[in-house]
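Student: Hi! Could you walk me through this structure?
Tutor: Sure, have a look at it and then fire away.

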Amino acid sequence: MTANELNAFEDEINAFVGREVCPPTPAKDDVNTAMIRQWTEIIGDTNPAYTNEAWAAKSTRGKSIAPPAMMYVWGQEGFAVTTGRPADAQADLVSLFNKHGYTGVLGTNVKQEYFKEVSPNDNVVMEMVIDNISERKTTGRGPGYFFETLSTFTNQHGEKIGTQRFKVLKFIPQEQPAAPAAEDTLQVPTRIASPRGHDNKWWWDACDAGKVLIQRCKSCQTLRHPPRPMCGECQSMEWDSIESTLDGEVLSHTELHHPKIPGYQYPLVCAVIRLGEGTNIVSNVVGCDPSAVHIGMQVKGKVEQVDEKTMLPQFYPASSGIRS
Amino acid sequence: MSDHKTLGCAEISVGDKLPSLDIDITTGLVVCGALATRDFEPVHHDKTSAVATGLPDVFMNILTSQGLMTRFATDWSGPEAVVKSLDLRLGAPNVPGMVMTMTGAVTAVDPGTGVVEVEVLGENNIWGMHMQGSVELALPKEA
């Protein structure tokens, strides 16, 4: 898209700002106890203000109310949406975005404000406009625009009961991973698979068998980790290995908070551990509160299955008495 | 909430934690939540439609998430609390088989108006943050 084309496109979308999506429309049904009961049962909300008439009559309000989060429910179109939504300004805006490649859609924020509660037999009237459209943004999903609808709710007396702002990102989808296959069980993510090349496959294979090995130079006996073909001391390429007892000491540590990586359990402490044999290994400290981990802490490792596919050494406080 | 007690604004301080709440995300909750909020978008009740969008199964609609967030806040505050606002940032979908844990803490107390603000996080055990935001509640000044 040239700069001129982009300007023309942005003029076209910005012309939607302020346009009405739906004129003030009374809900097909008044606020009613049947829909409130169904909602509270499913949400698991036992608030007596919604469903306990006897309590509500004696409460400050003097009557029951509808759950405030139902404000948008009363004006919903209904089952007809299964076969498509009616044409309106929002649908026109969406199809304009789609035509220019912004086919991705993601609801990002929804904010409701409540000014007045409603009770059974009230009627909720809703109107909606397109309130604003952002500049073109670069997002994690791809380049796109945020647009926000503003819905205003009034009751049958014309009193304003609340508003809803709903923000949607329309974006040009970037290459996404293939859709997961339809399976009956949810796939639990696993850790990133270990890279198994010519020089380190043997180490991971031993780990799968429950052992942590340390490479040893056959010529000068120097230990080294991670695995590599040549001794850094004497340049010999002859080597064998010894098995670590996994007695270690924490040299350095950090706690990972954000972003949470799929497949890892949190809290997640990563540490550099000096093994009794003298080499260092990066691993996790588990089995204690993250705040208890400290430099100099004595730890004991154990090779464990950390997810469906992965065996890894995990280090526990030595004081816990765990055995490798 | 069997005793239907309502917290008074005077008893609340910034930093107070709300009791955490675990929600089992079942197909029943996703589908019935969508229908109870009159949200008949096929992705919330028809697995084939949901899979076509790249997700493994039907997923929770926003109105159900909004409902769970207000429930979480008023379970703690008690029934005389008046919900003033509900502000959600949306994250990863809630899909059957997951468990969403809701946690929250008080971030503001205005003794003049009795309005308290509670920050809420709903995180599922597979994909992390499902929703994050705040609820404002007007409380009686005294319990």
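Below, we chat about the chains, their contacts and a few backbone details.

Student: What should I know before I start?
Tutor: This is a predicted model, where local features need pLDDT of at least 70, side-chain atom pairs count only at pLDDT 80 or more, and totals for chains, interfaces and linings use all residues. Residues are numbered from 1 along each chain as its sequence is written, while chains are lettered from A and ligands numbered from 1 in the order in which they are written.

Student: Cool. How many helices and strands does chain B have?
Tutor: Chain B has 3 helices and 5 strands. Helices (H or I, at least four residues) and strands (E, at least two) are DSSP runs, numbered from the N terminus. Along the sequence of chain B, the pattern reads β-α-α-α-β-β-β-β.

Student: And what box do the C-alpha atoms of chain B fill?
Tutor: Roughly 50 × 25 × 25 Å, taken along the principal axes. Of the 143 residues in chain B, 45% are buried. A residue is buried if 20 or more other C-beta atoms lie within 10 Å of its own, exposed if 12 or fewer, and partly exposed in between, with C-beta atoms placed from the backbone.

Student: Now the interface. How many residues of chain A are in contact with chain B?
Tutor: On the chain A side there are 42 residues, in contact with 39 residues of chain B. Contact means that the C-beta atoms of two residues, placed from the backbone, lie within 7 Å.

Student: Which elements of chain A give two or more residues to that side?
Tutor: They are α2 (33-43), α3 (48-51) and β2 (104-114) of chain A. β2(A) gives the most, with 8 residues.

Student: Does β2(A) pair with a strand of chain B, and if so, which one? Or rather: which strand do the 5 bridges join it to?
Tutor: They join β2(A) to strand β2 (residues 82-90) of chain B, and the two run antiparallel. Two strands pair if DSSP finds at least two bridges between them. In β2(B), Asp87(B) is the bridge partner of Lys111(A).

Student: Switching topic: in what order do the strands of the open sheet in chain A come?
Tutor: The order of its 3 strands is β8-β7-β9 (chain A), with antiparallel pairing. The edge strands, each pairing on one side only, are β8 (223-224) and β9 (239-243) of chain A.

Student: So what about β7(A)? How many bridges does it share with β8(A)?
Tutor: Strand β7 (residues 213-217) of chain A pairs with β8(A) over 2 bridges, and Gln215(A) stands opposite Arg224(A) there. β7(A) also pairs with β9(A), over 5 bridges, where Cys217(A) stands opposite Trp239(A).

Student: What sits between β7(A) and β8(A)?
Tutor: These strands form a hairpin with 5 residues between them, and Gln221(A) in the turn has a positive phi of about 70°.

Student: Is Leu246(A) buried or exposed?
Tutor: Leu246(A) counts as buried because it has 25 C-beta neighbours inside 10 Å. Its phi is near 65°, a positive value in a residue other than glycine, and Leu246(A) lies in the loop between β9 and β10 of chain A.

Student: And Asn121(A), buried or exposed?
Tutor: Asn121(A) is exposed, because 11 other C-beta atoms lie within 10 Å. Asn121(A) has a positive phi too, near 85°.

Student: Last one: where is Pro226(A)?
Tutor: Pro226(A) is in the loop between β8 and β9 of chain A, and the peptide bond from His225(A) to Pro226(A) is cis, with omega near 0°.
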